[in-house]
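Biologist: I have a model open and would like some help reading its strands and its core. Could you walk me through them?

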Amino acid sequence: MLVDNPALLDHWYVVAEGDDLADGPIAVRLLDRPLVVWRGPDGTPVAAPDRCPHREAPLSAGRVADGCLVCPYHGWTFGDGGRCVEVPSSGAGRPVPPAAHLRTVHVVERYGLLWVCLGDPAAEIPVMEAEDDPTFRRINSGVDVWNVSAPRMTDNFLDISHFPFVHVATFGLPTNTEVPKVEMRDLDDHFHGYSYTVEVANEAGAVASGLEAPVITREMSSGFNLPFTVRSTILYETGLQHLILLCTTPIDDVTSYFTFVIWRNDDFSVPAEEVIAFDRAIGAEDKTMLEKVPGVLPLDQQATVSVQSDKASVEWRRRLAALMAGTS
Ligand code: FES
Ligand SMILES: [Fe+2]
């Protein structure tokens, strides 16, 4: 369903963090296509199918030497833009066959993340203005694999009605089940979603919120950027903003990469790992729940029942279905 859809090829997906390339090439999988990613001669990332044109060895099992990717099997070496620059068995100075060059795919490093587009980018990577604001710091969390289809994850990240059930050990208040009317709007040029006020438990989140009261009020927004990116914003009463970019990438129809990135305008005094421990715990609760739900979330709105609190998800599914049908 997802992996066969041509429209999805023309969008950006996070496959790893830039730091993951420190020790050489890595193997990733996007829409069921195996890819190798490495840092080229000028330090910028390069991505290509993880298959040597010679005898199909996985290039990710090779090494990087002076920014060139060296195949582990017969040593063919790939330089700038994936050009094959050396075939050791042919001896120095001999021309290499034109078909030996790798067919690279688009890869961009942004927000500490490696974003790949397999086709021709139809939209830009969503802009997080806090990235260029010196009053904010960015905290990356690492990339995890969830045994969940990407649409189920995006649906979950737009949904607040599960807070009092899935998140009672972190911030959900069991009695706070009613969701105010959801009014969808463009939050900015990149995210479509809704704003809301929510009371949450603060005991486990005191480090992240900087507040001590057992129950606190957050001003929040949740919005999506097609196909599977969600931004959640939190404004605390102190003026502290905590922005979360939730990136979901289909490895295949029922497996996904997940990473989140935080931007905060705090005083930078609390160590990053302590700040994101709370978000990690919340993510683990979602993962535990979602890994119990089998299969792919149907984009046919009639196949599942939705209510007013699902309005954001319904709108996201409508737009995703149009994108995948080529009618958006
Ligand atoms: S398979 Fe890569 S060099 Fe032979
Ligand atoms: Fe959740």
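Biologist: How many bridges pair strand 2 with strand 3, and in which sense?

Modeller: A reminder first: this is a predicted model. Strand 2 (residues 26-30) and strand 3 (residues 33-39) are antiparallel, paired over 5 bridges. One bridge to look for sets Ile 26 against its partner Val 37 in strand 3.

Biologist: What should I look at in the turn of that hairpin?

Modeller: Look at the backbone of Leu 31: with 2 residues between strand 2 and strand 3, Leu 31 takes a positive phi near 50 degrees. The hairpin of strand 3 and strand 4 has 5 residues between the strands, and there Gly 43 has a positive phi of about 90 degrees. Strand 4 (residues 45-49) also pairs with strand 3 in the antiparallel sense, over 5 bridges, and Leu 35 stands opposite Pro 49.

Biologist: In which order do the strands of the open sheet with strand 1 lie?

Modeller: The order is 1-10-9, with antiparallel pairing. Strand 1 (13-17) and strand 9 (106-110) are the edges; each has a single partner strand, so one side of each lacks a neighbour in the sheet. Neighbouring strands there are turned by 30 degrees against each other on average, ignoring direction. Between strand 1 and strand 10 (residues 113-117) there are 4 bridges, and Val 14 has Trp 115 as its bridge partner.

Biologist: Now the core. Which residues touch the most other members of the largest nonpolar core?

Modeller: The general idea is that in soluble globular proteins, nonpolar side chains tend to be buried together. Here the largest such core has 65 residues, and Val 15, Leu 35, Val 37, Leu 114 and Val 116 touch the most other members. Domain 1 (6-117) and domain 2 (132-325) each supply at least three residues to this core. Apart from it lies another core of 5 residues, including Phe 171 and Ile 282. As for Leu 114, its contacts beyond four places in sequence include Val 15, Val 37, Pro 45 and Val 107.

Biologist: How many residues of strand 18 are buried?

Modeller: In strand 18 (residues 255-264), 9 of the 10 residues are buried. Follow its antiparallel pairings too: strand 11 (residues 137-140) is joined to strand 18 by 4 bridges, with Arg 138 partnered by Trp 263. Strand 12 (residues 144-146) adds 3 bridges to strand 18, and Val 145 has Tyr 257 as its partner. Strand 17 (residues 241-252) pairs with strand 18 over 10 bridges, in a hairpin with 2 residues between the strands.

How values were computed:
Residues are numbered from 1 along each chain as its sequence is written. Chains are lettered from A and ligands numbered from 1 in the order in which they are written. This is a predicted model: local features need pLDDT of at least 70, side-chain atom pairs count only at pLDDT 80 or more; totals for chains, interfaces and linings use all residues. Two strands pair if DSSP finds at least two bridges between them. Axes are lines fitted to C-alpha atoms, for helices over the stretch in contact, and angles run from 0 to 180 degrees between N-to-C directions. A nonpolar core is a set of buried Ala, Val, Leu, Ile, Met, Phe, Trp, Tyr and Cys residues joined through C-beta atoms within 7 Å. A residue is buried if 20 or more other C-beta atoms lie within 10 Å of its own, exposed if 12 or fewer, and partly exposed in between; C-beta atoms are placed from the backbone. Domain bounds come from an automatic or database domain assignment. Two residues are in contact if their C-beta atoms, placed from the backbone, lie within 7 Å.
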